[in-house]
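Colleague: Could you take one part of this model, the charged side chains and where they sit, and go through it with me slowly? I am in my first year, so please link each step to the one before.

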Amino acid sequence: LTPYPATPDSSTSRGLGDVYKRQKRINIKKISEEEFRANYEKQMARNAAIGASLKKIFRPITKLISPIIDPFRNNIAFVKDEISELPQMKNLSEEDKEGNKKDFTSKIGYAISLGFKEKEIFFFGVMQWIFVILGCILWLQMLSWVPQPLWDAVQECIDNGNENCTTVVDIPLTLWGYVCILLVAFPLGIFSSAMGTAHFLHKQNQKSTVIKCMQAALSNAWTTWTFHFIDGYITVRQIGNRLPQDSQGSAFLQEIIDARRAKEEALYYAWKIGTAGVLPNMVLGNNLIASGKNSIMFVKDNFVEILKLRAAYSSICWVVGISAYVGGIVVMIFMGDAIYAESGGLAIVKIYQFMLIPVAFATLIVIIFLRPIYVLTICNLYSDYLHSKDEKPVLPNDPSVGKKAFILFGLICLLVILVIVFRDQIGLTDLFSSTEIGKSFW
């Protein structure tokens with residue numbers, strides 16, 4: 001946009017100065033596909049440089065917290081790599097990936113009948129849902145610390161055509177998101193394992209109780225916590241990658257986006273298929289690496305059944321997700337002018353808070369109703385697999401093993417509370433209140 005004053009000749013300008021207004025001329029520069037490719041490569045190099053700089057900045061912090069984060073590194077990435085190389089995975093059609101919902105709904109009978117017999121299964125599902133929602137609320141807590149002037153400055157930066165405008169809020173919110181996933185992963189892992197334990201107790205004709213299931217789940221707390229953090233991180237990242245991206249009208253950039261998404265979806269699908277047997281293995285007390293190796297053998301022996309189950313489960317969850325997306329649009333319509341702040345910009349915090357309503361309903365359907373069916377069916381398939389190998393499942397019963405994990409979970413919760421209470425003293429409030437801090441990125 002190039003501003004310029006109107007410049008009529010001197011004979012007409014006299015007496016008409018109040019008529020002519022300052023105007024803006026819009027100059028549209030067309031660039032070739034080659035120039036666009038070159039600009040894209042420069043942007044990728046710039047992003048890589050920013051990433052390297054951020055890594056260097058946070059290296060001291062990384063070293064400091066390495067004793068905490070090292071146990072949660074993905075040591076079973078080999079599962080995804082090996083499963084993705086299977087001929088069956090490479091020859092999957094879109095119809096195979098979408099799945100037949102009947103392959104999932106046909107399993108409802110066993111899961112519901114077991115749920116009525118062992119009512120603690122639905123209790124475990126409800127507890128998982130509660131902690132997931134608490135995790136979302138915790139993330140919104142930091143989002144609410146970002147004042148409206150900063151959001152307005154970010155929007156102005158975007159309107160001016162600058163790049164990396166959201167970096168100033170992306171970095172702390174992303175780090176905070178990792179913390180939220182880490183905290184939610186602990187109860188999610190415990191209650192998921194407890195749900196699987198109820199199945200194995202039922203198969204062994206033993207009475208299933210909340211205490212028995214929790215004792216077995218706590219006996220392998222470290223492993224379940226680690227896996228659910230890794231899986232949660234991968235899942236949340238993939239959900240983010242599926243969000244619409246602007247190709248700026250370039251066929252070249254759209255090609256890159258489509259190719260990257262296809263590759264990410266294939267690897268994500270391989271991860272979900274490959275780790276199908278990890279949960280029942282953890283329920284039976286195996287460590288993470290052993291669970292990963294056993295899961296590969298289990299998947300190879302039951303590939304068709306697992307593929308059908310996973311595809312149908314994912315398909316139904318996709319429908320629920322789309323419903324939540326539509327629900328979010330409806331919520332925004334009902335919000336009306338409330339989506340705008342007094343400054344005229346979007347009230348980001350308020351919008352996200354209201355978005356929690358459709359998200360809560362969607363996660364309720366998935367976690368309390370759909371996920372128990374999936375977990376119990378996978379455990380049932382694994383029971384049959386062990387029976388075919390003449391192996392007898394043995395549940396762990398040493399909850400004292402989970403004490404250290406529980407202590408670490410408590411310490412992280414305490415640290416989060418301290419950050420919330422003393423955010424002014426540690427400089428978080430000033431960080432979010434400064435609109436100047438982003439200029440180094442903009």
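Modeller: Let us begin with what a charged patch is: Lys and Arg count as positive, and like charges are joined into a patch within 9 Å when their residues have over 30% relative accessible area and no salt bridge. Please keep in mind throughout that this is a predicted model.

With that definition in hand, you can find a positive patch on the surface, formed by Lys55, Lys56, Arg59 and Lys63. Two helices contribute to the positive patch, since α2 (33-57) and α3 (59-69) each supply at least two of its residues. Arg59 is a good residue to look at in detail: Arg59 belongs to helix α3, and its relative accessibility is 43%, so Arg59 counts as partly exposed.

From charges that form a patch, we can turn to charges that meet a partner. What does the structure hold in the way of salt bridges? There are 3 of them, and each can be followed in turn.

In one of the salt bridges, the side chain of Lys300 meets that of Glu82, with 2.9 Å from N to O. This pair connects distant parts of the chain, with Lys300 in helix α16 (residues 288-301) and Glu82 in helix α4 (residues 77-84), 218 residues apart. Lys300 has a relative accessibility of 40% and therefore counts as partly exposed, and Glu82, with a relative accessible area of 34%, is partly exposed too.

Another salt bridge joins Asp231 and Lys272, whose closest N and O atoms are 2.9 Å apart. Here again the pair links distant parts of the chain: Asp231 is in helix α13 and Lys272 is in helix α14 (residues 251-274), with their positions 41 residues apart in the numbering. Are these two residues buried or exposed? Buried means under 20% relative accessible area, so Asp231 counts as buried at 15%, and Lys272 is buried as well, because its relative accessible area is 9%.

It helps to look at the helix that carries Asp231. Helix α13 covers residues 221-241, which is 21 residues, and spans 30 Å from its first C-alpha to its last, close to the 30 Å expected at 1.5 Å a residue. Helix α13 is also mostly covered, with 15 of its 21 residues buried.

The remaining salt bridge to discuss is formed by Lys389 and Asp301, where the closest N and O atoms are 3.2 Å apart. Lys389 sits in the loop between α18 and α19 (403-421), whereas Asp301 is in helix α16, so this pair ties together parts that are 88 residues apart in sequence. Lys389 counts as partly exposed because its relative accessibility is 38%, and the relative accessible area of 47% makes Asp301 partly exposed.

The loop that holds Lys389 deserves another moment, because Asp390 is found in the loop between α18 and α19 as well. The phi of Asp390 is near 60 degrees, which is a positive value in a residue other than glycine. To see why that is worth noting, recall that most residues other than glycine have a negative phi. Asp390 counts as exposed, because its relative accessibility is 75%. Asn205 is also not a glycine, and has a positive phi of about 60 degrees. Asn205 is found in the loop between α11 (167-203) and α12 (210-218), and with a relative accessibility of 75% Asn205 counts as exposed.

Before that loop of Lys389 and Asp390 comes helix α18 (residues 348-388), where Ser383 has its place. With a relative accessible area of 10%, Ser383 is buried. The C-alpha atoms of Ser383 and Phe200 are separated by 7.8 Å, although these residues are 183 residues apart along the chain.

Finally, for a contrast with the charged groups, look at a patch on the surface that is nonpolar. Trp318, Ile322, Tyr325, Val326, Ile329, Val330, Ile333 and Phe334 form this patch, and together they have about 880 Å² of accessible area. Among them, Tyr325 lies in helix α17 (residues 303-335), and exposed means over 50%, so Tyr325 counts as exposed at 52% relative accessibility.

Terms used
Residues are numbered from 1 along each chain as its sequence is written. This is a predicted model: local features need pLDDT of at least 70, side-chain atom pairs count only at pLDDT 80 or more; totals for chains, interfaces and linings use all residues. Side-chain values use heavy atoms; hydrogens and water are left out. Patches are made of residues with over 30% relative accessible area and no salt bridge: like charges are joined within 9 Å, nonpolar side chains (Val, Leu, Ile, Met, Phe, Trp, Tyr) within 5 Å. Accessible areas come from the Shrake-Rupley method with a 1.4 Å probe; for residues, only the protein chains shown count as cover. A salt bridge is a side-chain nitrogen of Lys or Arg within 4 Å of a carboxyl oxygen of Asp or Glu. The place of a charge is taken as NZ of Lys, CZ of Arg, CG of Asp or CD of Glu. Helices (H or I, at least four residues) and strands (E, at least two) are DSSP runs, numbered from the N terminus. Buried means under 20% relative accessible area, exposed over 50%, partly exposed in between (1.4 Å probe, protein chains only). The expected span of a helix is 1.5 Å times one less than its number of residues.
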